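Student: Could you take me through one part of this model up close, the hairpin, and then show me what surrounds it? I'd like one connected account rather than a list.

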Amino acid sequence: MPDSTFLDATELVLNMGPQHPSTHGVLRVILKLDGEKVIGTECVIGYLHRGVEKIGENRTYQMFAPYVDRMDYVAAVSNGLGYCLAVEKLLSVEAPPRAQAVRVILTELNRIASHQVWLGTHALDIGALTPVFYTFREREEILNIFEKYCGARLTTHAFRIGGLQYEIYEGFEEDVKKFCDTALPKFDDYEELLTENRIWGSRLKGVGILTAEDCKAYGVTGPLLRAAGVKWDIRKAMPYSGYEKYDFEIPTRQNGDTYDRYMVRMQEMRQSVRIIRQAVEGIPSGPIMAKVPKVIKPPVGEVYVSIEAPKGELGYFIVSDGSTQPYRVRVRPPSFVNLQSLDKMARGALVADVVAIIGTIDIVLGEVDR
Amino acid sequence: MRKFLRAVFLVDLLRGLWVTFRHQHPRNIQTEQYPAQRPKVAERYRGAPRLNINPENGETLCISCNLCALACPENLIVVGWVRDEQTKRKVLTTFTYDVSRCMFCGLCEDACPVDALELTQDFELAMYSREGAIWDRQMLEEGPRPTRYRY
Amino acid sequence: MADEQKPQPKPPAGTTAHAAPKPPAVMATTVWESDLTRQLQARFGNQILEFSSYLGQEFLVAKPEAVAPILEFLKLEADFDYLVDVTAVHYPQRPEQFDLVYVIYSFSRNQRIRVKARIADGYKPRTAIGVHPTANWLEREVFDMFGIEFEGHPDMRRILLPEEWQGHPLRKELSITQQDSLWVKENLGIDSAQ
């Protein structure tokens, strides 16, 4: 990279506007460039702000659950799980074991689906047009399972406070097992296409490095933290919904660059299949809904519960004043906090690397803006 | 040496290309030719609403309990009823449902105690004007009307 | 109805006479005691108003000026190196209207605690950016939604709403239908149906 010469006297301000094929939604990034090198970025967000937290103060607890799906619309089941866990903690009830097992299966399927969307769109941004078709085709299988179970593919509203609404349908276990058997060869296909590919490696290796100290300082969680070497996953650190019963590993890598995050997410998909296999072997029998009153009025108090969403740590801070409507619902969105580190990662990179970095943070604007 | 040969002869790129060629086999074609081929929709799919009618005597199953209106997060169901003098029961007169604001969450379907309100498998709800989105009782009872294309 | 001679306003006819108006329900907290609380007590003394725990989640309430030093102490001495969330809650009836909440987590201890402070309208708390760079956007969002400005923040602007927006939406006096009603009245001339 040549140093600045007399030819480039000014810095160029370039607007990667809200309508852009590579910004995964309505994200506006204002780049200050010196030639092709980025010397500063500024993110402007809020184009998808719908006021979900204000809506939460005007709906009852059960009524608010469909709104929660629409924040991170790619991983709607995880959002619903976090919300139901938070309200159940306020009420001090726990879902029965059968409901917990089915919740784990659906949440892990959702994690695979979310990572498949990520892989497809990230590869598309880098320029590889093939993986997006394959990942979306496999994702159809998962969405079919969701549709057969709860009636919707994307905004599922699958869980209710206290457990599940619907009993699992006939053939749920066979469908899930068939998916697990066919999924692993497909993941091998993705790896065959991308992992050793020299173009992929040279686009991703060494780009967007975020060390472990930076991650902890910027509050970055999820696959970004694990790619930097910190072996931390809320499913192991503070288990919820029966995760302590399942045996799985936390994939970590050393360098903290974009290629490592890709490898971490591929490994996470395989670990998710492992969890699903264990969970679907023995779904315990029993009730699917705990004893929860029809009108939910939790005692006065506040609680903060967080889960490991596919994007990072998704937290719900709910303040209750004893009435049927929450007093304050705060959602701690992983994409919002992770997006802060874009500035740190993009300094000194090229413009094409900015596209790769935005893709690797794995943001969903519905969650960033709520 | 092996690495050099692999790099020169583009082995990694060719392996990826072979994966792509493998998918050219006709059995791997996944595209559905919509609208000639309609997708198979699950039984529990939350689509357009419908008010069910008792098949034996042709009367509506709805008992005007208003639970669906209370359960809706968007308050878009309006149930009208009169009280019948002889039997002292409520009789349904009008039932208005605003499909433009509905998010198809299924809470009204869960709340109905007699399975009168049901969300069907109809997902083709495009309409030409916003007024057509407020459905009254007659439209709801007819049920889904998917357009049939003639080729 | 007023059999007991009490210096209270007479209850309306038809209700039984209460001994006193019922106090507002409060959180049923238990006291939190541990090495960490003793350390904090020794260091900050009376600047921390209470140590409590509710449903197994510990939190402490401190005086507003002490929050930034407490966060710094917790990061350097007690290894709470990850700021999870910064948020606020609005209680309009209280004299100190806002409840500023910091949620922090320690990787080594695997423990998550909340640091709360009750601040009045117009008070400008010190920013936590010096201790945790995460607080940059989180504090901007608290300013955007509640109007609490943070002193020392390098870039105190609205983040989610457009720059020229008036008001702070998550305050309780703004109702949820206010935007819709205003726009409909101005542009269509009728009352909104919401």
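**The hairpin in chain C**

Tutor: Let's start at the turn: β2(C) and β3(C) make a hairpin with 2 residues between them, and C:Leu55 in that turn has a positive phi of about 55°. Keep in mind that this is a predicted model. Right at the turn, C:Tyr54 has C:Gln57 in β3(C) as its bridge partner. From there, the pairing of β2(C) with β3 (residues 57-62) of chain C is antiparallel and adds up to 6 bridges.

Now look at the other pairing of β2(C). Strand β2 (residues 48-54) of chain C also pairs with strand β1 (residues 30-31) of chain C, again in the antiparallel sense, over 2 bridges. To find that pairing on screen, pick C:Val31 and look for C:Ser52, its bridge partner in β2(C). As for what holds such pairs together, strands of a sheet pair through backbone hydrogen bonds, and they can be parallel or antiparallel.

Zooming out, chain C has 4 helices and 6 strands. Read from the N terminus, its elements go β-α-β-β-α-β-β-β-α-α. If you like bulk numbers, 29% of the 194 residues of chain C count as buried. Among its contacts between residues at least 6 apart in sequence, 44% link residues at least 24 apart.

Chain C also touches chain A: 29 residues of chain C are in contact with 32 residues of chain A. On the chain C side, the elements that give two or more residues are β4 (82-90) and α3 (135-146). Of these, β4(C) gives the most, with 6 residues. By class, that side of chain C has 20 nonpolar, 6 polar and 3 charged residues.

Across in chain A there's a sheet to set beside the hairpin. It is an open one of 3 strands, in the order β1-β2-β3, with antiparallel pairing. β1 (12-16) and β3 (37-44) of chain A stand at the edges with a single partner strand each, so one side of each is left without a neighbour in the sheet. On average, neighbouring strands of this sheet are turned by 20° against each other, direction ignored. Within that sheet, β1(A) pairs with strand β2 (residues 28-34) of chain A in the antiparallel sense over 5 bridges. A handy pair to click on there is A:Val13 and its bridge partner in β2(A), A:Lys32.

Key: Residues are numbered from 1 along each chain as its sequence is written. Chains are lettered from A and ligands numbered from 1 in the order in which they are written. This is a predicted model: local features need pLDDT of at least 70, side-chain atom pairs count only at pLDDT 80 or more; totals for chains, interfaces and linings use all residues. Two strands pair if DSSP finds at least two bridges between them. A residue is buried if 20 or more other C-beta atoms lie within 10 Å of its own, exposed if 12 or fewer, and partly exposed in between; C-beta atoms are placed from the backbone. Two residues are in contact if their C-beta atoms, placed from the backbone, lie within 7 Å. Ala, Val, Leu, Ile, Met, Phe, Trp, Tyr, Cys and Pro count as nonpolar, Asp, Glu, Lys and Arg as charged, and the others, Gly among them, as polar. Axes are lines fitted to C-alpha atoms, for helices over the stretch in contact, and angles run from 0 to 180 degrees between N-to-C directions.
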